[in-house]
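Me: I would like a close look at one helix of this model, followed outwards to the parts around it. Please take the surroundings step by step and explain the terms as they come up.

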Amino acid sequence: MHRTNQIIIKLLFVCTLFNLVTSCKTLQSTVQSKKTTKTEIYTNTSPIRASLDLVNVIDDKVKVEIQIDTQGQDTISYYIPKIVPGTYQNNNFGLFIEDFKAFDKNGTPLQTQKHGANRWKINNSGELHKVTYWVNDTFDSESEHQVFSPTGSNIVKDKNFILNLYSFVGYFKGMKENHYKLFIKHPSTLQASTSATEISFDQSTGTAKYDTDYFSFDRYADMVDHPIMYSQLNRAIFMVNNIEVLLSIYSNSKRHSAVEIMPHLRRVIRAQKNFLGDIDSTKKYSIILYLSSAKSNDAQGFGALEHNTSTVVVLPESLSSQKLNKALTDVVSHEFFHIVTPLTLHSKEIHNFDYNQPNMSEHLWLYEGTTEYFSILFQVTQGLITKEEFFERIVEKIEYSSFFDDTMAFTTMSKNILVNPYKKNYRNVYEKGALISMCLDIIMRENSAGEQGILDLVKNLSNKFGANKPFDDKDFIRIVGITSFPEVSAFLQKHVVNNAPIDYEFYLKKLGVKYGIKNIPSSFFIFEQEPFVKGLEATKEVLFTSDTPFNSFLKALGVKKGDVLLSINQKKYTLKNIYDLFGDSNKWKIGDTITFKIKRDNNIMTLSTQVIEPTVEKIILQEDNNSTEQQKILFKKWIDE
């Protein structure tokens with residue numbers, strides 16, 4: 001699923017990476033209607049032929065042609081998806097379709113009506129031969145819609161095309177299981193990057209400056225599960241065990257190359273495969289990386305969207321090589337593990353996904369939470385991060401999960417994730433969802449003398465079900481208990497189906513891990529990009545306010561949240577010169593006497609102290625020196641092996 005992550009947040013100093021807005025423009029050339037005249041019955045199994053023209057791009061739009069044999073139906077409906085698997089918001093990709101037309105074999109137009117954002121009904125469809133329309137991309141208009149960049153599309157003539165195919169090609173009602181033939185006409189200077197197998201490749205000759213690629217898919221879901229990027233070659237291919245991995249990068253400034261990034265990424269994916277062991281659901285995996293300029297007409301949402309054998313990643317081009325590697329480690333780690341859940345292990349709601357009337361699964365804790373937990377667990381077990389770094393990420397999860405509604409049952413939230421109040425708690429699937437999986441891991445270790453963990457559970461469930469055998473949502477927790485231990489299903493029933501808060505300290509103690517306090521160096525007026533002061537626009541005053549506990553210096557001084565800073569050593573501070581605080585404090589020397597004048601509850605007060613090295617107390621996790629032998633064994637089996 002598409003996601004953002006704390007590493008990217010730290011790198012970019014932003015609060016959120018989703019660019020959500022409330023409206024989107026649509027251009028409609030067909031008749032608007034809410035009426036349906038006749039029942040549509042379909043038994044058509046003939047192939048659908050879809051053609052995309054990436055050569056004759058007009059006004060940043062691509063023309064699409066869909067050919068069909070309708071076999072005599074009176075009416076037929078054509079849909080562009082409202083939502084796609086791996087996303088948990090309605091994107092309405094039909095809003096990016098313009099000039100929708102239908103024709104018979106002689107080229108005579110047929111009447112069409114637009115129903116809502118994503119459906120077109122075609123009358124006299126027994127005569128239908130093809131439909132045509134133009135597709136707008138999403139990257140250059142993200143201030144006008146809600147589509148998260150990795151789930152969207154890009155059209156830059158002769159340079160780059162990001163084809164998440166559900167935004168270009170739709171389906172006729174009752175015909176999602178039909179065979180799809182996809183033809184893509186593209187400039188000969190651009191090459192396709194995808195996990196899809198190219199059936200044939202028509203290379204132009206003479207003066208022609210374009211080629212045509214042909215792909216074949218068993219059904220609509222298979223086609224839209226294979227994103228394609230067209231760009232000039234900037235790629236690397238490497239083997240990890242028996243998986244062929246493609247890394248393809250679009251970097252407009254050519255700042256980053258696939259060859260430079262490949263060694264680090266190969267190490268990460270090899271570690272993931274070693275962690276998964278004999279789980280082997282794909283022989284080919286593609287990482288399509290689009291590096292954005294981050295300008296107003298370019299992608300702004302940074303993260304990724306998973307597919308069965310590939311992932312589309314969008315990150316800022318401005319990142320240094322080191323920070324790009326760190327971001328890719330976190331993003332790709334999460335997305336690659338989706339080959340297990342939900343791409344191998346999933347419910348009927350996901351297997352038979354309805355792109356326009358979605359019925360969501362109850363088990364986001366499994367699809368996103370377990371995947372997120374694996375993405376950090378494997379890094380410590382495979383030596384990519386230290387135990388201390390692993391503990392720090394668990395603490396972050398605990399802290400971030402506290403920002404959400406802890407009384408909301410996870411199964412209820414998952415089932416209703418597209419609507420509020422559940423929708424606004426969606427990010428918690430990566431925080432509390434991962435912690436749920438951690439607790440299950442601990443419970444299984446405890447009940448098996450350390451020999452089994454949640455990875456074993458997922459492996460066993462994958463063998464029981466598999467990519468083509470979905471489970472029933474309502475039976476899943478019972479089956480989990482049978483496959484593992486009754487204590488596991490009891491935990492899920494209490495904390496996931498019901499809404500009992502989780503005592504993480506209780507479970508961590510089973511492994512000899514306890515909470516502790518560590519003093520972290522701080523600046524005088526800011527800690528980890530979180531300032532202790534802010535300016536008030538209305539009064540031009542400087543106010544002490546922060547969700548981060550004050551550092552030791554401010555505590556020793558006696559400052560309280562809500563105090564207004566008037567002056568320091570007789571220098572006055574207001575909104576106008578608030579940034580002087582950071583520069584001025586850098587000149588202070590340990591032992592100097594500093595005098596603050598503040599206003600508290602309309603009373604003027606003077607506070608004075610000597611300058612000390614400022615620190616902030618941080619909650620940490622650490623191994624308990626007094627842990628029992630059993631706890632030590634469980635801990636070793638958890639993250640030391």
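Which residues of helix α10 (residues 454–464) are buried?

Reply: This is a predicted model, in which local features need pLDDT of at least 70, side-chain atom pairs count only at pLDDT 80 or more, and totals for chains, interfaces and linings use all residues. Residues are numbered from 1 along each chain as its sequence is written, and side-chain values rest on heavy atoms, with hydrogens and water left out.

In α10, the buried residues are Ile454, Leu455, Leu457, Val458, Lys459, Leu461 and Ser462, where buried means under 20% relative accessible area, exposed over 50% and partly exposed in between, for a 1.4 Å probe and protein chains only. Helices (H or I, at least four residues) and strands (E, at least two) are DSSP runs, numbered from the N terminus. An α-helix has 3.6 residues a turn, so residues three or four places apart point the same way. The buried residues of α10 pack against α3 (258–276), α6 (364–381), α9 and α11 (476–483), contact being taken as heavy atoms within 4.5 Å. After α10 comes Gly466, which has a positive phi near 105°.

Of these neighbours, α6 holds Gln379, itself buried, with a relative accessible area of 3%. Once neighbours within four places in sequence are set aside, the contacts of Gln379 are Thr329, Ser333, Leu384, Ile385 and Arg393.

A second neighbour, α9 (residues 428–447), also packs with helix α16 (residues 629–640), at an angle of about 130° and with the axes 10 Å apart; axes are lines fitted to C-alpha atoms, for helices over the stretch in contact, and angles run from 0 to 180 degrees between N-to-C directions. The two helices α9 and α16 are therefore oblique to each other, given that angles under 35 degrees count as roughly parallel, over 145 as roughly antiparallel, 65 to 115 as roughly perpendicular and the rest as oblique. The crossing of α9 past α16 is right-handed, that is, the near helix is turned clockwise from the far one by less than a right angle, whereas anticlockwise would be left-handed. On the α9 side, Met438, Asp441, Arg445 and Glu446 meet Leu634, Lys637 and Trp638 of α16. The residues of this contact comprise 3 nonpolar, no polar and 4 charged, with Ala, Val, Leu, Ile, Met, Phe, Trp, Tyr, Cys and Pro counted as nonpolar, Asp, Glu, Lys and Arg as charged, and the others, Gly among them, as polar.

The neighbour α3 leads on to a sheet. This open sheet of 5 strands has the order β18-β19-β20-β22-β21 and mixed pairing, two strands being paired if DSSP finds at least two bridges between them. Its edge strands, each pairing on one side only, are β18 (235–240) and β21 (303–306), and the twist from one strand to the next averages 15°. Within the sheet, β19 (residues 243–251) and β20 (residues 284–292) run parallel and are joined by 8 bridges, with Ile249 having Leu289 of β20 as its bridge partner. Helix α3 packs on the sheet, where it touches β18, β19 and β20, and its direction makes about 25° with that of β18. Helix α4 (residues 321–337), in turn, lies across β19, β20, β21 and β22 (310–316) and runs at about 150° to β22.
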